[in-house]
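Got the viewer open and a selection box ready? Let's walk through this one stop at a time.

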Amino acid sequence: APGPDAGPVGETVVAELRRATAAHGGTLTVVDAAGPRLDDATVRAHDLVLVVAPRAGGPGQRRYPDAHPTAYLVAAATAGRYDGETGGQFAPDMVRRVRVGGTTVVAAGGAVGLLYGLHGVVRLGERAFQADDGDHLERPLTPVRMLDHWDNIDVHPVMGQVERGYAGGSIFYADGRVRDDLSRVADYARLLGSIGVNAVAINNVNVHATEARLLTDGLADVARVADVFRPHGVRTYLSVSFGSPMRLGGLATNDPLDPDVQAWWAATADRVWATIPDFGGFVVKADSEGQPGPFAYGRDHADGANLLARAVAPHGGTVFWRAFVYNHEQDWRDRRTDRARAAYDHFAPLDGRFDDNVVLQVKYGPLDFQVREAVSPVIAAMPRTRVAVELQVTQEYTGHQKHVCYLGPLWSDVLGFPLAEDATRTVADIASGLPGPRTPEGAQLRAGGITAVSNVGDDEFWTGHPLAQANLYAYGRLAWDPSADPVALLDEWLDLTFPGADPRVRETLHAFMDDSWLTYEKYTAPLGVCFMVDPLRGHYGPNVDGYEYSKWGTYHFADRDGIGVDRTVATGTGFTGQYPAPWDAVYEDLATCPDELLLFFHHVPYQHVLKSGTTVIQHIYDTRADAVDVVESWVPRWEALRGLVDDRLHARVAERLAEQVRSATEWRDQVRTYFFRKSGVPDASGRPIY
Ligand code: GCW
C-alpha cells in the first residue's frame, strides 16, 4: 500500500503501475517510508519501484543509483533529493524525470505530480528509458486546467441532453438522475488525469430547474461523481444559477446585497463543502442569454460574483464568473450596437472590484467560439482581475464532430497570442498570472486558468467522430503547456491511439488533420466574417443569411458592393479601440489588418486586394472550391486504410467523411453562388456557380 500521505491519487499510481506490470511484465515493489527500508526490498532489473515517503531524508533513498530496476517513481518529499534547481522544494504537480545510474527516475512533489509523471512515461514509451533521455523538469503553466460540461439531467426535445453535444447522451446522467453506474466517468477521469486536466464542471451553464437542484438535494450524487474524479487529481465543480435563492430557497429576491440572499448562499456553500470537502467551486452564467443575474436588481457583475465568492471563500472555493454577457435581443437595423464590444463594455470598468477568489472566464473571441475570431480584448483589459480563457472542444461551430477539424492549431494561436502590454504578454501568460516586462504596477498576478467546453458523450467512440478525440487530448496538453507544438501533440495522440499501427495510418491522419482547421475555415465563412451557419440546424451547415436579420447581433452586412463589419474607431463601432497597443492600430488600419481577420474589422468592396494579392471576391471563390477538393481527396485515402485500423472505427470515420464531403460541397456552392448573385462579379477560375 502507498504511504499514509499519498491518498487516493497515490492509490491510482499504484493501480496504474500494477496494470502496467501485468500487461508488460516486471514486478512492482511499493516501498512505504514508514515500512521497511528500500535496502530490504528485492529489486531486480525491469522492476518498477514506487517510493512514497512523506519526509525529506526519509529512508529508501540511498540505494536508488545502486539497484537497477526499470524505473523508480518517487513521490512526496523525497522528491527533493532529485531537485537541484529548487533546493528540494517541489510543488505537488511539479515533475522531474531523470536518468540515474541506468534507471529512469520520476520524482514529484506530490502524488498528483507522480501521476502526471507516470503518464508522461507512458506517452514517451521506450524513449523514457533511453540513456540519453536527459533531465526534464516540468510543471503546468497554469494551476487550473478545466473542462466544462454542458450536460443536462433532462433530455431537451431539440437540444438533446448535452447542449451543443455531438457524441450522444451525458456520461453523468441518465433516467432523470446521476447514473448509478459511473464506470464511464471513471474511464473519463483516467483520461483527464493522463492529460493533466484537473477540474471539471459537471452540468450546463444554462442551469434549468432539475439541474439547479444538484446544488442542494442532489449533493449526495455530486459527491459520488467527485469520488470518481478525485483519484485522478480532478476536482469537481457545479454550474449554479444566480437565481437559486428564489428558485431553491423560496426567497423573495436574488439581490446580491440582500442579507437573506447572502445568508442563503453561505449556508448552501457550507453544506456543499461539508459533503465534498475538496469541492472546487461554482461556474456562473449570469445575465446572459436569459439566465438570471444581478442586473435585475440594479447591481453589477462585481456585486454578483462577490456574493458567491464570499460564500465559498471560507472553504477555499473559487467562482468562475463568465464574461459572455451581451444583448441577445438586438434589433438588426441598429448598426451602432456591436455584440463584439459587449463583454469589454460590461466588465472592463469593474477591474479591481472582484474578490480574490473570483476568476473571470472569458471566451477566446469577442463573439462566440467562431472558427476564426480576433482574440478577445477583455483578456488584456483587466490587469487587476484573475482571468481564465474559455475554449470550445465541442465542435459547435466547427462541424459538429461530423467534420474533421483538429483544433490544436487554433488554440495554440490563441494561447500564444501576444495580446497585452505592447505584445509582451501572451493570452496564456495572462491566464497563468505571469508578469511581463511591462506588466503594470499592482497587477493581479494570480492565475485564472484555462477552461474549455468538453466534447464527450456516451458514444461508443466518446466523441462521435473518432478523430475528435484528438481535440480533447490536445486541449489537455496545451492547457498544461500552451507553447507545445500542436502537430507534435497530434503525433503523441496518434502513437497512443493507434499503437504499432502501419505507418500509413499516421501519414494519412496527419495529412487529414494537421491543417483541417484551416481547411474547414476555407469552405465556411470567409476572412473572419463569422457565422453564416444554419440557425435551424444548431449552427451546422451553411446559411449565409441565417443570422443576418436576427436578434443575435452577428451580421456580415454583405450587399452588392462589399462585405464585412466596420469595427474601426474612425468610421465603425469603435471596437478596435478596446485593444491595447499595438493591436488597436494594427486592426484599425486596413493596411495592417491581417487578411484572415479583414472582415471581422472592416467592411470592404469585393474588389479590395488582399495581402495575398487576390481580391476578396476571388479569394472567396477560390478557397471554397480548393478546400472541397482537399476534403474529397481524403475519401480514397481513408478507404486505403481499411483493415489497418479497427473495422468499426474505420466505418465510423468513413461515414463521417462522406457527410463532410456533402456538407463542405453545400458550403462551397451556397457561399460561391451567394456572392456571385450579390456582386455580379464572375469567378475568374470559371468553376461552376449556380
Ligand atoms: O455558443 C453559445 C451556445 C449556447 C451556449 C452559450 C454559452 C450554453 O450556442 O448553447 O450556452 O454559447 O457559452 O453560454
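How many C-beta neighbours does leucine 496 have inside 10 Å, and is leucine 496 buried, exposed or partly exposed? Select leucine 496: with 15 C-beta neighbours inside 10 Å, leucine 496 counts as partly exposed. The cut-offs are 20 or more other C-beta atoms within 10 Å of a residue's own for buried, 12 or fewer for exposed, and partly exposed in between, with C-beta atoms placed from the backbone.

Two housekeeping notes before moving on. Residues are numbered from 1 along each chain as its sequence is written. The model is predicted, so local features need pLDDT of at least 70 and side-chain atom pairs count only at pLDDT 80 or more, while totals for chains, interfaces and linings use all residues.

**Stop 1: around leucine 496**

Widen the selection to 486-497 and you have helix α14, the home of leucine 496. Helices here are DSSP runs (H or I, at least four residues), strands are E runs of at least two, and both are numbered from the N terminus. Now add glycine 125: leucine 496 and glycine 125 are 371 residues apart in sequence, but 9.5 Å apart in space, C-alpha to C-alpha.

**Stop 2: the domains**

Colour by domain next. The assignment gives domain 1 (7-138), domain 2 (145-497) and domain 3 (520-565 + 603-679); such bounds come from an automatic or database domain assignment. Where domains 1 and 2 touch, nine residues come from domain 1 and nine residues from domain 2, with a contact meaning C-beta atoms, placed from the backbone, within 7 Å. On the domain 1 side, α1 (7-24) and α2 (111-124) each supply at least two residues. The largest share of that side, five residues, comes from α2. By class, the domain 1 side has five nonpolar, two polar and two charged residues. For the classes, Ala, Val, Leu, Ile, Met, Phe, Trp, Tyr, Cys and Pro count as nonpolar, Asp, Glu, Lys and Arg as charged, and the others, Gly among them, as polar.

The UniProt record draws its own boundaries. An unreviewed entry places "domain: Glycosyl hydrolase family 67 catalytic" at residues 135-462, and an unreviewed entry lists "domain: Glycosyl hydrolase family 67 C-terminal" at residues 463-687. UniProt positions use the numbering here, feature names are shortened, and annotations may be inferred rather than shown by experiment. Select 135-462 and you get 26% helix and 17% strand, with the end C-alpha atoms 35 Å apart. Select 463-687 and it's 49% helix and 2% strand, with the end C-alpha atoms 36 Å apart.

**Stop 3: the ligand**

Zoom to the ligand. Which residues surround it? Show Trp150, Glu163, Arg164, Val205, Asn206, Lys285, Phe324, Asp368, Phe369 and Glu396. A residue makes this list if its C-beta atom, placed from the backbone, lies within 6 Å of the molecule. By class, that shell has four nonpolar, one polar and five charged residues.

**Stop 4: helix α20**

Select 647-679. Helix α20 has 33 residues and reaches 48 Å from its first C-alpha to its last, close to the 48 Å expected at 1.5 Å a residue; the expected span is 1.5 Å times one less than the number of residues. Its buried residues include Val653, Leu657, Gln660, Ala664, Trp667, Val671 and Phe675. An α-helix has 3.6 residues a turn, so residues three or four places apart point the same way. The buried residues of α20 pack against α16 (516-523) and α19 (616-639). Just after α20 comes glycine 680, with a positive phi near 70 degrees.

**Stop 5: loops and backbone oddities**

Most residues other than glycine have a negative phi, and most peptide bonds are trans. Now go to the loop between α16 and β19, which holds phenylalanine 531 and histidine 539. Phenylalanine 531 has a positive phi of about 55 degrees and counts as buried, with 25 C-beta neighbours inside 10 Å. Histidine 539 has a positive phi of about 80 degrees and counts as buried too, with 21 C-beta neighbours inside 10 Å.

Next, the loop between β19 (562-563) and α17 (583-588), where proline 582 sits. The peptide bond from alanine 581 to proline 582 is cis, with omega near 0 degrees. Aspartate 566 lies in that loop as well, and touches Thr571, Gly572, Thr573, His602 and His603, not counting residues up to four places away in sequence.

Last pick: alanine 640, in the loop between α19 and α20. Alanine 640 is exposed, with 11 other C-beta atoms within 10 Å.

Terms used
Contact = placed C-beta atoms within 7 Å.
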